[in-house]
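Here is a friendly note to read alongside the model. Keep the 3D view open and find each element as it comes up.

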Amino acid sequence: MSGARLPLAFARDNQVALDDTTLLAGPEATMNGLRAARRAAGAALAPDMLDLDTFQHRLSRLYDSGTEEGEEVAFDLEDTTRQTARDILEDPEDAPVIRLVNQLLRQAVRGSASDLHLEPHESGLRARMRIDGTMQTVFDRRDVPAKRVVSRLKVMSGLDIAETRLPQDGRIALRLGGRAIDVRLSTLPGHHGERVVMRLLDRSGGLMELDRLGLSPENAARLNRLAALPNGIILATGPTGSGKTTTLYSLLRLADRRERTILTVEDPVEYDLPGISQTPVNPDIGLTFARGLRSILRQDPDVILVGEIRDGETAQTASEAALTGHLVFSSLHANTALSAVVRLRELGVEGYLISATLRGVLAQRLVRRLCPKCARAEAPTPEDTALFRLHNVPAPAQIHHAQGCEACDGTGYSGRVGVYDILEIDEKLRAAIDSDASEVRLREAAGERPSLMQSALALVAEGQTSPAEVRRVLGETA
């Protein structure tokens, strides 16, 4: 009985699985599946009924428990050329390269990596993953045929394997135990071969409650006020990987989807949002952010999410949309909340239009959260005390530091928490924006308010993160 196992595709499609002497069943388990499971078990087992999320999690653990390198993985691979799903476990080929690629993808997904890097060099191939914002080496080996690994990934993403001189972008759709994983792949020619970077997006995530973002009650109240506005532009700013998209999606949660029509234009559509119409941009056919935004305006929306304001045309169109009664959420690359105003000016938006439409700016960063099982508390060092004093924050009696244990893979950290600076545009600041004031004048008009560094040091005082992590993300004087 212990060796009885149903084929992965059958178990997934019929929502039945055998876990040793237990018959697992999902909410839509079929009679055919239950009969087949009982035959395989050789006993009339009573099904253990599970909700969908629990069943998919158990299915993932059952078929994705291997740790040996090269072991086959419970991934479904969507063939992007045929738009049909096929299972890697059912692939008749048994090449070591295929097994290695499957293992890498499996390890990245299970490790909650945001990016997977493959870097060929003179001696072989190095693989690294970005987990919680930091790079971790998977392997650096001389015996791996880098060109064949890259070719395999190109085949999976529908790219031209013969073209090695130009950068290419592709997509791989995977499914792991019911979790839809979207992989965006980018190749870049280099001296020792093509470098490949894959961004992994768990499409089942996205909408997150405000308390899970790490917002203080005051900042949560500010976001609620901004999301309830009838019109205007609300911007999220920060570097790549600072969580802007997740915050914007969470803002959409605050907008009433029953009484408001919400449309988005994104590159790419990172998460599936129930009850919201989402449009991916496609520059190859001329569907840019600006063109998509103009088309959305003819669809009678109340709330619009523009993935990113990258150029003057998109910035101008978004401003005009806000001026005509729409609430527009978007992201912008700027270091601070106030520098977003300067950035909009650089993109060609007039000061009077910015002052008339901009309602709020949210600047954010992500810092790693200390592992609760191994963080050690110590009295602050003179350097730590000086950092708190520099930013006018009272130093706590004890400061927690990363140590490392088995639970956090020796890193000392587990997960990440957001650091926020939320700026609401009041009349005084609006007048300064309208007069094209400099960033220094804008800072004076905004008045005294907590900076990103002060918010980060408050997290240090609470024991959520460490001074070393704050310095890594924000430096000393942010």
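The points below go from the whole chain to a few helices and their neighbours.

1. **The whole chain.** Please keep in mind that this is a predicted model. The protein chain holds 16 helices and 20 strands. Of its 478 residues, 48% are buried. How far apart in sequence are the residues that touch? Among contacts between residues at least 6 apart in sequence, 63% join residues at least 24 apart.

2. **A helix to start with.** Helix α5 covers residues 146–156. Its buried residues are A146, V149, V150, R152, L153, K154 and M156. Notice that R152 and K154 are on that list too, next to L153. After α5 comes G158, which has a positive phi near 75°.

3. **Helices α8 and α9.** Two packed helices are described by the angle between their axes and the distance between the axes. For α8 (residues 289–296) and α9 (residues 312–323), the axes come within 8 Å and cross at roughly 20°. Because angles under 35 degrees count as roughly parallel, α8 is roughly parallel to α9. Their crossing is left-handed. On the α8 side, the contact is made by F289, A290, L293 and R294, and on the α9 side by E313, T314, T317 and A318. By type, these contact residues are four nonpolar, two polar and two charged.

4. **The annotated span.** UniProt, in an unreviewed entry, lists residues 297–311 under "domain: Bacterial type II secretion system protein E". What is this span made of? Residues 297–311 are 0% helix and 27% strand. The C-alpha atoms at the two ends of the span are 18 Å apart. To place the span, recall that α8 is residues 289–296 and α9 is residues 312–323.

5. **Helix α15, an enclosed helix.** Is α15 mostly buried or exposed? Seven of the ten residues in this helix (residues 452–461) are buried, so the rest of the structure largely encloses α15. The buried ones are L452, M453, S455, A456, L457, L459 and V460. An α-helix has 3.6 residues a turn, so residues three or four places apart point the same way. You can look for that pattern in the list, for example with L452 and A456.

6. **What surrounds α15.** Which elements do the buried residues of α15 pack against? The partners are two helices, α12 (382–390) and α16 (467–474), together with the strands β17 (358–370), β19 (399–401) and β20 (413–424).

7. **The end of α15.** A461 also belongs to helix α15. This residue counts as partly exposed because its relative accessibility is 36%, a value between the 20% and 50% cut-offs. A461 and F388 are 73 residues apart along the chain, yet their C-alpha atoms are separated by 9.7 Å. Following α15 is G463, with a positive phi near 85°.

8. **The pair α15 and α16.** These helices pack at an angle of about 160°, and their axes are 9 Å apart. Because an angle over 145 degrees counts as roughly antiparallel, α15 and α16 are roughly antiparallel to each other. The crossing of α15 and α16 is right-handed. In the contact, L452, M453, A456 and V460 of α15 meet P467, V470 and L474 of α16. These contact residues divide into seven nonpolar, no polar and no charged.

Technical notes
Residues numbered from 1 in each chain as written. Predicted model: local features only at pLDDT ≥ 70, side-chain atom pairs only at ≥ 80, totals over all residues. Heavy atoms only, no water. UniProt positions renumbered as here; feature names shortened; annotations may be inferred. Helix = DSSP H or I, 4+ residues; strand = E, 2+ residues; numbered from the N terminus. Buried < 20%, exposed > 50% of the residue type's maximum accessible area, 1.4 Å probe, protein only. Contact = heavy atoms within 4.5 Å. Axes fitted to C-alpha atoms, helices over the stretch in contact; angles between N-to-C directions. Parallel < 35°, antiparallel > 145°, perpendicular 65-115°, else oblique. Left-handed = near helix turned anticlockwise from the far one by under 90°. Nonpolar A, V, L, I, M, F, W, Y, C, P; charged D, E, K, R; others polar.
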